[in-house]
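Let's take a walk through this structure together, beginning at a single side chain and working outward to the whole fold. Have the viewer ready and follow along.

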Amino acid sequence: MTYKKLLLTVASLCFTGILFASEPLQGNEPALPVHQEAFYTTETPNQLTEGEIREGWKLLWDGKTTNGWRGAKINAFPSQGWIIENGILKVVKSDGGESTNGGDIITTRKYKNFVLKVDFKITKGANSGIKYFVDPELNKGEGSAIGCEFQILDDDNHPDAKLGVNGNRTLGSLYDLIASERGADFHFNMDDFNTAMVIVNGNKVEHWLNGVKIVEYERNTQMFNALVAYSKYRDWPRFGNLAEGHILLQDHGDEVWFKNIKIKELK
């Protein structure tokens, strides 16, 4: 393939990726099954409401211990880089590098079909992420563990927002693949907690931020594989197409706070 043809192919794929992400986003009703209770948070952090319990939700983090979590590249929870304080799980600020301090943390078990909710708060210029379908065996070297990523980023103050293609590294995006949709109802509060939600049912996936759907895609398809082929993940086998995987919170060297981490598994 000539250089000119390659550029045209990449441009075509990027444009298609934008359509792929934005065309299905009609209204704020989930295309995948999820109870309305999913959009609300208890006043007391790290607890389930009665409605959530009835619907089958479970806490992924109890707000007090490291139970259910371990390092992405070690069998124990990291001895540095993460702290638990007043019901908040914090990434300690270090050098801004990817997984260079305590390292990423992952759930001790894998998940297949689910609705995941995570409340997060970022500091100025911060970079982090919530990953799913993570296979910690894929990358044993430097950098973050490999998986699909709900990007967490201060778009206004971190340079990564301007990298990638057509905004596919901005807040809420499927990192380096599909840019988050910024409609009139998109909102984000830099000074408080925001709620990320990822819905996975088979190959269909949605990203939500503060009750607004911002990404929708279908993996294990020719379209998805084409996007991967022109991304930073092109060399990782079966990226995003695994039947199940771990859930990950990223250490990217910036201070980020997490709480109310909960999941509802779908049949």
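Start at Ser231, whose side chain reaches the backbone oxygen of Val228 at 2.8 Å. Keep in mind as you look that this is a predicted model. Ser231 sits in the loop between α3 (222-229) and β12 (246-249). Is Ser231 buried or exposed? Its relative accessible area is 2%, so Ser231 counts as buried, the cut-off for that label being under 20%.

What else surrounds this serine? Setting aside neighbours within four places in sequence, Ser231 is in contact with Asp176 and Leu177. Gly164 is another residue to find from here: 67 residues separate Gly164 from Ser231 in sequence, while their C-alpha atoms are 8.4 Å apart in space.

Asp176 leads us on to the charged side chains. Salt bridges that share partners join Asp160, Arg169 and Asp176 into one network. How many salt bridges does the structure hold? The count is 10. As a general point, side chains of opposite charge can pair when their charged atoms come close.

A few of these pairs deserve a visit. Glu85 forms a salt bridge with Lys90, with 2.6 Å between the closest N and O atoms. The two partners differ in how they are covered: Glu85 is partly exposed at 35% relative accessibility, whereas Lys90 is buried at 10%. In the salt bridge between Glu206 and Lys213, the N to O distance is 3.9 Å, and both of these residues are buried.

Next, look at Glu265 and Arg109, whose closest N and O atoms are 3.0 Å apart in a salt bridge. This pair links distant parts of the chain, 156 residues apart: Glu265 belongs to strand β13, and Arg109 to the loop between β5 (105-107) and β6. Glu265 is partly exposed, with a relative accessible area of 37%, and Arg109 is partly exposed too, at 40%.

While you are at strand β13 (residues 256-265), stop at Asn260, which lies in it. Asn260 has a positive phi of about 50 degrees, although it is not a glycine. With 3% relative accessibility, Asn260 counts as buried. Asn166 likewise is not a glycine and has a positive phi of about 50 degrees. You will find Asn166 in the loop between β8 (146-153) and β9 (194-201).

Now for the nonpolar interior. In soluble globular proteins, nonpolar side chains tend to be buried together. Which residues touch the most other members of the largest nonpolar core? They are Tyr132 and Phe258, in a core of 48 residues. Strand β6 (residues 114-122) gives this core its largest share, five residues. Apart from it lies another core of six residues, including Trp57, Ile199, Trp208 and Leu266.

Finally, zoom out to the whole chain. Its secondary structure comes to three helices and 13 strands. Of its 267 residues, 54% are buried. Among contacts between residues at least 6 apart in sequence, 69% join residues at least 24 apart; the salt bridge between Glu265 and Arg109, 156 residues apart, is a pairing of distant parts that you have already visited. On the outside, the protein chain exposes about 12400 Å², and carbon and sulfur atoms supply 49% of that area.

Terms used: Residues numbered from 1 in each chain as written. Predicted model: local features only at pLDDT ≥ 70, side-chain atom pairs only at ≥ 80, totals over all residues. Heavy atoms only, no water. Core = buried A, V, L, I, M, F, W, Y, C linked by side-chain atoms within 4.5 Å. Buried < 20%, exposed > 50% of the residue type's maximum accessible area, 1.4 Å probe, protein only. Helix = DSSP H or I, 4+ residues; strand = E, 2+ residues; numbered from the N terminus. Contact = heavy atoms within 4.5 Å. Polar contact = N/O pair within 3.5 Å; in protein donor to acceptor, adjacent residues only side chain to side chain. Areas by Shrake-Rupley, 256 points an atom, 1.4 Å probe, with all protein chains shown as cover. Salt bridge = Lys/Arg side-chain N within 4 Å of Asp/Glu carboxyl O.
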